[in-house]
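I open my notebook on a structure that is new to me. I want to look up its sheets, one helix and its salt bridges.

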Amino acid sequence: MIMKILNVLAAVVLFFSLFISCTGVDENLVKKDFVFEPIDTLFSKPYVDIDEWRDTPVRHRYVHGGFEGTDTRFSYYFPAKKNYSGRFFQYITPFPIDENLSQSGKGDEDKIGFSVNHGAYFIETNGGGGSLFVGVGANYGANYGAFRANAASAQFSRVVAERIYDCKRPFGYAFGGSGGAYRTIGGAENTEGVWDGVVPYVMGSPMAIPNVFAVRMRALQLLYDKLPQIIDAMEPGGSGDIYAGLNADEKEALEEATKMGFPPHSWFGYQTMGIHGFLVLYQGVVAADPTYFKNDFWNVPGYLGYDAPDYLLKARIQQVSKIKASISMEKAVDLGLVEPLSESDRGTADAAWKELGGVSGTYPAAYQLEDVLPKMNFMGGDLIIKSGEATGNILQIKSIEDDKVILGPVSPGVLIKIKPGDEVQVDNSNFLAMQTYYRHQVPGKDYKVWDQFRDENGNPKYPQRPMLLGPLFTRAASGVLPKGSFKGKMILLESLWDREAFPWQADWYRSRVEENLGDSINNYFRLWYTDRALHGDQSLESDPTRIVSYLGVLQQALLDLSDWVEKGIEPAATTNYKVVDGQVIVPKTADERKGIQPVVNLLVNGNKRADIKAGEKVELTATAEVPEGMGKIVAAAWNFDRVPDNMENIPGWDFADSPIFPVKAEFKATNKSGSHVEVKLTHTFTEPGTYFPTLRVASQRNGDKNTPYTRIQNLDRVRVVVE
């Protein structure tokens, strides 16, 4: 018995001795030498070129540097010693872009402030420099920008932390969304001793690209004029039948998109949805499978273009014209043809792809043609140069407007050759062919959303392409394919209304984890779904009376992950859900649903819809509840009319003084913990019209009403028709 106790004590001493190696030297680190023995010898020569104290967004010590012989650069943001708790949070961007992106964050988007205020230093890198999709770093292999540069920066940060703090080895946690989720998981699965846990969010699967974009492009192309009635059917008090009034082709397109996993509620954003990140993927898809576009789709039986339906032929443009004038980026912005990338969009889960699209500087961003183009729901196309110095080149078209074509990603070397008078052809044949590409990319049986394209024997109904493109693009993002076997612990976050990373894909990854971990999965893994959230990691995205930000969930997940690793405190259980025909379904109550998000149930006169006369009063009643043990409701607010026209600089978390939700809601707790509340209000509508009163609530784990961080949101709405 005594020997057993001694052995345990020896093991404990050995364990902690591994972490106690800090020198405690607090000096300026610029041009200092460091003892650094990286796992990856490519990064054996680190350097620091900036070491200074800064006061914004919070007081911190900023350290910048890189690794000699590489393009990798890093930024570290250290709290004062008295505020340091022995950990770091590292943001993994969707693409390798810039190590200073987070310096522009404000409010709940402020990653630096969140980290420093919670005892962590913050890390951001340029991911090795350049874009994964243009081959920068290719000499070092695909995983150079995918996770090696990030891993080396994380490892070296511990050496720097030892020089700043007198402490043990810092715990480390990485987080990243969209393409950053691929890269975060790639790092967790293919390194050891770098990160103790990770929080990937809004992740795809190895079959996401280009299929999630293709299926929604087809629905947008075919259903554009019918989407208002589809949206109305899903609104509170609507019929619930999204297929009512559709013809056979329209029903087929909507059904395929829904069974592929597109969340029907997200069609509300159809007018601005566009083709999203496919803008920068298109040329890669065409290059990978040229015969599909050049010949097979339009000429081979089994493809939609062969014996094409009328709607497809009517949507096809093959118009010849001539260049009348070039339009600079500045003029294109003035004309409203393009929107410049805002600083707040850079490096975000929903908009990072814009870094790779379009042209800049003195090169043309658009061309004016001699002929007016047809008015239609244009999803993208090609500008084929048919005469002049640039003959034979093909430029990608992002959109058309009257007699103008707005360019997508294009080589400046081609642009300088194009002159007024050159003959061109506007052709969207390839984009139309892209819209059913998913039918010809049927993967293995573990991708159940493709069952709709298999026959009774499990074989594909349509001709199949020589290769699956999804895994190729996934490898470009993460260096490897996700396999569900990772080091440390993981909390995966997914949004139920995500129209770029369909929600079932998180379940696909959870299944891979379960295959590896079996019954022990709960010791290492959680999956939390966030209701009414989209893809972007921003405070305000799209219509805030329909959707909420998941930033508070992400921040709380990082804190819960650190408690799980450092203190053994179990996080909330995985969300209770099921996948039915591609749709992720969750229970209606918070305690059944689990996870950490509150659930709101709002009624008007006891129902989801009220038809009244102008001047009549309505009774609005609501319940809001947080899953047991996950905090309390700290704020609630109403919107009765509409969203303000200008939402810039409106803090999404601010319930006290928000023009979006201007009426503060009084609520009463119905239990001791404050996790369940009731809200009641009498309201009068004086003008005829259709209104959607909305109640938004926020919960916070510790009941803090003032913090901009870890405020977890949800909302509900009802319909009031006033005659």
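I began with strand 20 and strand 24: nine bridges join them, and they run antiparallel. Here Lys617 stands opposite Thr684 in strand 24. I note that strands pair if DSSP finds at least two bridges between them. Strands (E, at least two residues) and helices (H or I, at least four) are DSSP runs, numbered from the N terminus.

Before going on, I record that this is a predicted model, where local features need pLDDT of at least 70 and side-chain atom pairs count only at pLDDT 80 or more, while totals for chains, interfaces and linings use all residues. Residues are numbered from 1 along each chain as its sequence is written, and side-chain values use heavy atoms, with hydrogens and water left out.

**First sheet.** Which strands belong with this pair? I find an open sheet of four strands in the order 18-20-24-23, with antiparallel pairing. Strand 18 (599-604) and strand 23 (667-669) are at the edges with a single partner strand each, so one side of each has no neighbour in the sheet. From one strand to the next, the twist averages 20°; axes are lines fitted to C-alpha atoms, for helices over the stretch in contact, and angles run from 0 to 180 degrees between N-to-C directions. Six bridges tie strand 18 to strand 20 (residues 617-625). Among them I looked up Leu603, whose bridge partner in strand 20 is Thr621. Three bridges join strand 23 to strand 24 (residues 676-684). Phe667 stands opposite Val679 in strand 24.

**Second sheet.** I then found an open sheet of four strands in the order 22-21-26-27, also paired antiparallel. Its edges are strand 22 (663-664) and strand 27 (712-717), each with a single partner strand, so one side of each is left without a neighbour. Two bridges join strand 21 (residues 632-639) to strand 22. Ala637 has Lys664 in strand 22 as its bridge partner.

**Helix 16.** How far apart are the end C-alpha atoms of helix 16? They are 20 Å apart, which agrees with the 20 Å expected for its 14 residues (504-517) at 1.5 Å a residue. The expected span is 1.5 Å times one less than the number of residues. Ten of the 14 residues are buried, including Trp504, Trp508 and Tyr509. Buried means under 20% relative accessible area, exposed over 50%, and partly exposed in between (1.4 Å probe, protein chains only). Gly518 follows the helix, and its phi is positive, near 60°.

**Salt bridges.** I count a side-chain nitrogen of Lys or Arg within 4 Å of a carboxyl oxygen of Asp or Glu. The whole structure has 36 salt bridges. Within helix 16, Asp507 pairs with Arg510, the closest N and O atoms being 3.3 Å apart. These two are three residues apart, so about one helical turn separates them. Both are buried.

Arg512 reaches Asp446, with the closest N and O atoms 3.9 Å apart. This pair links helix 16 to the loop between helix 14 (429-434) and helix 15 (469-478), 66 residues apart. Is Arg512 buried or exposed? Arg512 counts as buried at 11% relative accessibility, while Asp446 is partly exposed at 38%.

Glu566 forms a salt bridge with Arg87, at 2.9 Å between the closest N and O atoms. Glu566 lies in helix 17 (residues 551-567) and Arg87 in strand 4 (residues 87-91), 479 residues apart. Arg87 is buried at 9%; Glu566 is partly exposed at 23%.

**Whole chain.** I closed with the totals: 18 helices and 28 strands. Of the 723 residues, 58% count as buried.
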